[in-house]
Amino acid sequence: MAHSIRVLLDDIRKNRAIYLMVLPVVLYFFIFKYFPMYGAVIAFKDFSPAKGIWGSDWVGFQHFKDFFQSYYFVRVLRNTFLISFYNLIFGFPAPIILAILLNELRQKLFKSIVQTVSYLPHFISIVVISGLIIDFTNRGGIVNSIIVFFGGQDSALMNNAENFRTIFVSTSVWQELGWSSIIYLAALSGINPELYEAVRVDGAGRFRQIWSVTLPGLIPTIMILLILRIGGLMEVGFEKVVLLYNPNTYETADVISSFVYREGLAQGNDYSYTTAVGLFQSMINFILLISANSISRRFSGSRLW
């Protein structure tokens, strides 16, 4: 142990600049990711700000039982899973396809324009994006104008619970399509050009080159990102949901994170109960991450650890 510490200290002295570069990242994760885990203990207590975390009464798994037996349990679990699943099915392959198409472009100017346009939505504030979605889908909005042009009826689309998931998922794919393709473009740049020359000699056309060289070259990156995506399958950010949903769409829009926000801050200030709900969500994501990593390691050889 003492020898290991000495080796680490020697390495820090030799590579001082590198460790200084890493320090902000380490501090960020410690302050905003690891340190708050201390507060998760209130999920097992009847937390009172006046008594503090350790002074509050211990209630064990009571808050978990209350959530499992509540009317909202099935609803928020179903909505969270379905929205995340649709995002995975439609949102995960989209940047891969875009990256492959961009990689096939030979006109640099056109390629740069397409990349810039596809990246822009990622940098627009979620508040602005949500406002645009609401305006476009209201009566008289551009989306309704298109629907009416093709013989449909003008209606407030965001007030219809059946439309929420479709609008939420499609706009999420649009927001992150270009930004998510960057990592795949980076992976494509690392593929050996001689592999393309070899398959061209064998008479392979464009599609055959993509199938035989491009996709196999992307598989390790795809599998790692897929594992991470599955590990966050039950994680739907509350910001966009809260900005878009309303009481008319709770049935299909209310997810675990929005339920935690509403019950824990906006209405009841029941910190212990909502912490228990959030901890339950994190445990599901943890189990999914472990399972996805194990399956990927067994069948593809790619893994996080």
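1. Helix 6 crosses helix 10 in a right-handed manner (the near helix is turned clockwise from the far one by less than a right angle). Helix 6 covers residues 93–104 and helix 10 residues 161–189; they pack at about 55°, with axes 7 Å apart. Helix 6 is therefore oblique to helix 10 (neither under 35 degrees, over 145, nor 65 to 115). Helices are DSSP runs of H or I with at least four residues, and strands are runs of E with at least two. Axes are lines fitted to C-alpha atoms over the stretch in contact, with angles from 0 to 180 degrees between N-to-C directions.

2. This is a predicted model, in which local features need pLDDT of at least 70, side-chain atom pairs need 80 or more, and totals for chains, interfaces and linings use all residues. Residues are numbered from 1 along each chain as its sequence is written, and side-chain values use heavy atoms, without hydrogens or water.

3. Contact means heavy atoms within 4.5 Å. On helix 6, the residues meeting helix 10 include Ala-94, Ile-96 and Leu-98; on helix 10, Val-173, Leu-177 and Tyr-184 are among those involved.

4. Tyr-38 and Trp-54 lie 16 residues apart, Tyr-38 in the loop between helix 2 (16–34) and strand 1 (45–48), and Trp-54 in helix 3 (residues 52–55). Tyr-38 is partly exposed at 42% relative accessibility, whereas Trp-54 is exposed at 58% (buried is under 20%, exposed over 50%, partly exposed in between; 1.4 Å probe, protein chains only).

5. Phe-67 is buried, at 2% relative accessible area. Phe-68 is partly exposed, at 39%.
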